[in-house]
Amino acid sequence: MKHVAFGGRLLIVGFGSIGQGVLPLLLRHIDMPRERISILTGDARGEEVAAELGVARTVAPLTRDNLREVLRPLLGPGDFLLNLSVDVSSVALVSLCRELGALYLDTCIEPWAGGYTDPSLTPSQRSNYALRESALALAPGSAGSPTAVLTHGANPGLVSHFVKQALLNIAGDTGVAATAPDGQRAWAELAQRLGVKVIHIAERDTQSADVAKAPGEFVNTWSIDGFAGEGRQPAELGWGTHEQTLPGDAHRHGFGCDAAIYLLRPGASTRVRSWTPLEGPFHGFLITHNESISIADYFTLRDGDAVRYRPTVHYAYHPCDDAVLSVHELAGKNWELQPRQRLMMHEIERGIDELGVLLMGHGRGAYWYGSRLSIEEARRLVPYNNATSLQVTAAVLAGVVWAMENPRMGVVEADHLDHARVLELTLPYLGEMAGVYSDWTPLVGRESLFPESVDRRDPWQFGNFRVV
């Protein structure tokens, strides 16, 4: 079915795995001639896919110097820029779209090339926290201007809607009367009333192929540039009000919303304990993501300047096994990216991506809610996708549709979108949706072989989750 009719032009900037995977969804669900869709990309990727789908594609890398010259002829009032690029400033694109009257959506807030690893910047300045603050600086006074949706892929993006649905599910299962709250404060009050202390974006990717990772090769099921870039940023997490001890290598930023902290180490070398229903307990990477900050910020309750409630929020990511080997090799080379990269797509033979949110500390202990999507079902549903990319591209589609339906909302994050509408649009593409309770805590099975420093008074302290 067509979800929305669109009368403007749609420009896709960047055409890697997500651009190629979302294009058939856009053609399937948005009522507009494909002649009004165009692709602008910085490299040769996706040429065959664009040709097969009959969409015009131009190779023209965007830089600080040529951004306006290249984009001004391609965008005007009522058009849409779908930003799926890397190394192009999201803030610059949002600003230009506002000036030209065009709508906008991205899946993460990108700096210009080199911004993730620029040694002249402090760890705080090259963090996702700082990138988010720079983008949100465009929000005040933007209401009524063209909608610009920040960070709406799977995570960040879709998982913010998973959190809201999980809260409603827990409320219903624990006898807490709750209808869908209206607005940020009401959602935060529901989370506090339920007793949620910690939220993990808990993901285990088991997709695999018979083609093994080779030495000097980085292999992944989604953007290698994106994963390597964010993996080399500082580990970041939303910092909850229940936490008793700040980690020794942790710092606050000293500006902005103050909802998060960062650690003086890369996220790809920081591991945490987490849990998903099919995998059970696992060690994941604490990779920095915008949702770790935005969800923590959204579910903050303040009394004046004092913070009364906030959950701890962070990513706990176990990528596919070949990606784990790739990260291990990357770290061993002092974070210099391998000379060869391979995005796993057609060679994948088996596996699922189990992506969800794990809410902990409430009356039922722990509750995981999310998507279990297999490679077989992903291929059956949409061409040019694997299980990981389809969870992203379905969320991109939903964000684009929502923006087209709500074209004058100004600058917004995923947490401000209608979660029920987004889930309605994405569920047909997410495989099995599961909600599972567990009595797991990060203290289960600890100290069986060696003594450990754990806090048994409160299992939900971050120090109990961190692997040291």
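Student: Which residue of β5 does S38 stand opposite?
Tutor: Happy to start there, keeping in mind that this is a predicted model. Strand β4 covers residues 37-41 and runs parallel to β5, with four bridges joining the two. Within β5, the residue opposite S38 is A56.

Student: Nice. Which strands stand at the edges of the sheet?
Tutor: Let's follow the order of this open sheet of seven strands, β5-β4-β2-β6-β7-β8-β24, where the pairing is parallel. An edge strand here has a single partner, so one side of it is left without a neighbour in the sheet. That description fits β5 (56-59) and β24 (411-413).

Student: And by what angle are neighbouring strands of this sheet turned against each other on average?
Tutor: Direction is ignored for this value. The average turn between neighbouring strands is 20°.

Student: What angle does the direction of helix α4 make with that of β7?
Tutor: Helix α4, residues 90-100, packs on the sheet and touches β6 (80-83), β7 (103-106), β8 (148-150) and β24. Against the direction of β7, the helix makes an angle of about 165°.

Student: Moving on to helices α6 and α7, are they parallel or oblique to each other?
Tutor: The axes of α6 (residues 158-173) and α7 (residues 184-194) come within 10 Å and cross at roughly 45°. Angles under 35 degrees would count as roughly parallel, and 65 to 115 as roughly perpendicular. The two helices are therefore oblique.

Student: How many nonpolar residues are in the contact of α6 with α7?
Tutor: From α6 come K164, L167, L168, I170 and A171, while α7 supplies W187, L190, A191 and L194. By class, one residue is charged and none is polar, while the nonpolar residues number eight.

Technical notes: Residues numbered from 1 in each chain as written. Predicted model: local features only at pLDDT ≥ 70, side-chain atom pairs only at ≥ 80, totals over all residues. Heavy atoms only, no water. Pairing = 2+ DSSP bridges. Axes fitted to C-alpha atoms, helices over the stretch in contact; angles between N-to-C directions. Contact = heavy atoms within 4.5 Å. Parallel < 35°, antiparallel > 145°, perpendicular 65-115°, else oblique. Nonpolar A, V, L, I, M, F, W, Y, C, P; charged D, E, K, R; others polar.
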